[in-house]
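Open your viewer, clear any old selections and get ready to click along. This tour moves from one selection to the next and says what is there.

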Amino acid sequence: MKKLQFKLILLLSLVYLMLVGWLYSVLWRSNAFNLLPQTDDQDNSEDVRFDFKRLNKPLVIDDRHHRLNSSDGVTAKNTIPQASLQDTAHQNSNLSHSSSPHSKYGPPNYCLHAFYYAWFGSLESDGSYYHWNHRYLPHWDSNVAARYPQGRHVPPGDISANFYPALGPYSSKDPAVIEEHMRQFRQAGIGVMCVSWYPANLSDDEGPPQGPDALVSLLLDIAHNHGIVVTLHIEPYKGRSPSTVRKDLEYIHERYSLHPALHKVRTASHTDQPRPIVYVYDSYLSPAHKWAELLSPTGSSTIRGTPFDVVAIGLLVEESHKSFITVGGFDGFYTYFASNMFTYGSNSAHWRDLSTFAAANGLLFIPSVGPGYEDTRVRPWNAVNSKDREGGTYYDRMFDAALHSAQATLISITSFNEWHEGTQIEPASPKSTVGFTYLDYSPHASDFYLEKTRQFSQQLHCNYV
């Protein structure tokens, strides 16, 4: 009896050991115990997750080698003289330009900005040719106005521009159009898209009623996929004041601040956290002391030190605006207008002086260059301010002045696609209609100004170390 019990216990023990061994081998093969060291030779592709902390790490931008690298806790120091600007290119650390479909163009230059307008509509996408059908603006003197055309343009053949876009009269909300524009930014070497912006559900008189804010999220998403970053260019909407701009900045922070394609920088006076750059068009429309309430550290409604603080760039038009910029508490200024000598600020002969002024006051100076100016399809009486492109020579002079006279380390381009004023570098195509022949870039190719911009982009050194 005892021998039988012993044999039974032995048999059960063997069965138990066999079961334990089988179970252990199954778990080992599945790595459930996580005992095996994770080596580079192992295939962990099925365990990949989106690392949002890595997504939000800053970049080291090294212009000396024209490459874009993710940093691990190391921030790049910028030696830009005007305000020691440190550009983070806002955290595009998971962008791989080597695998980008546009990597043949090399990395974009985040010191080169271009003004972008997302206010166009097409009949197919929007039900109207918004902005392409812009009305003729009358001269303020009724006697002069009577000598010029009135009414609206009638697209698609008749548009409110002296040049005709290679894409035709497109819709700004068409994802395919945005994708192509981002490709063109990459071709031109432009790193920063400055989007004309109105608060939510506001627009200019000629644009879609939902306004450009409705497209900002889409622009940010597509820009991110192409290694482009985005800033906002606040337009002088009805009722705008420094107090309403404060609300705008709160909204921008809440809605867009976490997006990796929102452009942020550090400046010498604010070295702790990168802040979005925000351009304020026609900033002089509000008194400097009112801006100081918003932009001065001791202002009654200051944004300084708050989560929605920004690098505020005001528009310098007249020489008197030097004091306006400093008193108002702006971080820097730009000149916008592509018509040389149209204003004091846009006159490139003054840029050396403006650069000296900026350096002395710890300000950023961002001169605006353009390929020419022609707005007579919207202001038919304004030929006096037209600037012929001279086959690209005009653009050469403007860029040369920005690079050498101003010794600029940040440059803005007016514009990528302001077709009404003929300042666009976006490709244009030859076209004729009854009674009118559009200008084009002949004898050069339609992308002539993209290629020319890329050459200047390579000359603009950001001095990152």
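## First stop: Ser-415

Select Ser-415 and show what surrounds it: leaving aside residues up to four places away in sequence, Ser-415 touches Phe-115, Tyr-117, Thr-423, Gln-424 and Ile-425. Before you zoom in, please keep in mind that this is a predicted model. Ser-415 belongs to the loop between β13 (411–413) and β14 (432–433). Is Ser-415 buried or exposed? Ser-415 is buried, because its relative accessible area is 0%, and the cut-off for buried is under 20%. Now display its side chain, which reaches the backbone nitrogen of Glu-418 at 2.8 Å.

## Next: Leu-450

Move on to Leu-450, which you will find in helix α12 (residues 448–459). Leu-450 is also a buried residue, with a relative accessible area of 0%. Colour its contacts: beyond four places in sequence, Leu-450 touches Gln-184, Gln-187, Ala-188, Phe-416, Ile-425 and Pro-427. You have met Ile-425 already, as one of the residues that Ser-415 touches. Try a distance label from Leu-450 to Phe-416: the C-alpha atoms are 9.3 Å apart, while the two residues are 34 residues apart in sequence.

## Aromatic rings

Select Phe-115, Tyr-279, Tyr-281, Tyr-334, Tyr-336, Phe-337 and Phe-342 together; they form one aromatic cluster. Phe-115 links back to the start of the tour, being among the residues that Ser-415 touches. Over the whole structure, a search finds 33 aromatic pairs. One to look at is Tyr-336 with Phe-337: the ring centres are 5.6 Å apart and the planes stand at 85°, so this pair is edge-to-face. The cut-off for that label is an angle over 60 degrees. Tyr-336 and Phe-337 are both buried.

Two charges are worth a click as well. The charged end of Arg-377 sits over the ring of Phe-436, 3.9 Å from the ring centre. For Lys-322, the charged end sits over the ring of Phe-357, at 5.6 Å from the centre.

## Helix α10

Phe-357 leads to the next selection, helix α10 (residues 351–360), where Trp-351, Leu-354, Ser-355, Phe-357 and Ala-358 are buried. Turn the view to look down the helix axis: these buried residues fall within an arc of 160°, so they line one face of α10. Which residues are exposed on the other side of α10? Thr-356 and Ala-360 are.

Add the partners of the buried face: its residues pack against α9 (321–328), β10 (332–334), β11 (364–366), β12 (368–369) and α11 (393–405). After α10 comes Gly-362, with a positive phi near 65°.

## Zoom out

Finally, show the whole chain, which has 12 helices and 15 strands. Of its 465 residues, 55% count as buried. Among contacts with a separation of 6 or more, 72% are between residues 24 or more positions apart.

Colour by pLDDT before you leave. The chain mean is 83, and 76% of the residues reach 70 or more. Select residues 23–84, where pLDDT stays under 50 and the model has 101 contacts beyond four places in sequence. Then take residues 86–99: pLDDT is below 50 here too, and the stretch has 66 contacts in the model beyond near neighbours in sequence. Where pLDDT is low, predicted coordinates should not be read in detail.

Technical notes
Residues numbered from 1 in each chain as written. Predicted model: local features only at pLDDT ≥ 70, side-chain atom pairs only at ≥ 80, totals over all residues. Heavy atoms only, no water. Helix = DSSP H or I, 4+ residues; strand = E, 2+ residues; numbered from the N terminus. Buried < 20%, exposed > 50% of the residue type's maximum accessible area, 1.4 Å probe, protein only. Contact = heavy atoms within 4.5 Å. Polar contact = N/O pair within 3.5 Å; in protein donor to acceptor, adjacent residues only side chain to side chain. Phe/Tyr/Trp six-rings, centres within 6.5 Å; stacked < 30°, edge-to-face > 60°. Lys NZ or Arg CZ within 6 Å of the ring centre and 35° of its normal. Arc of directions from axis to C-beta. pLDDT = per-residue confidence, 0-100.
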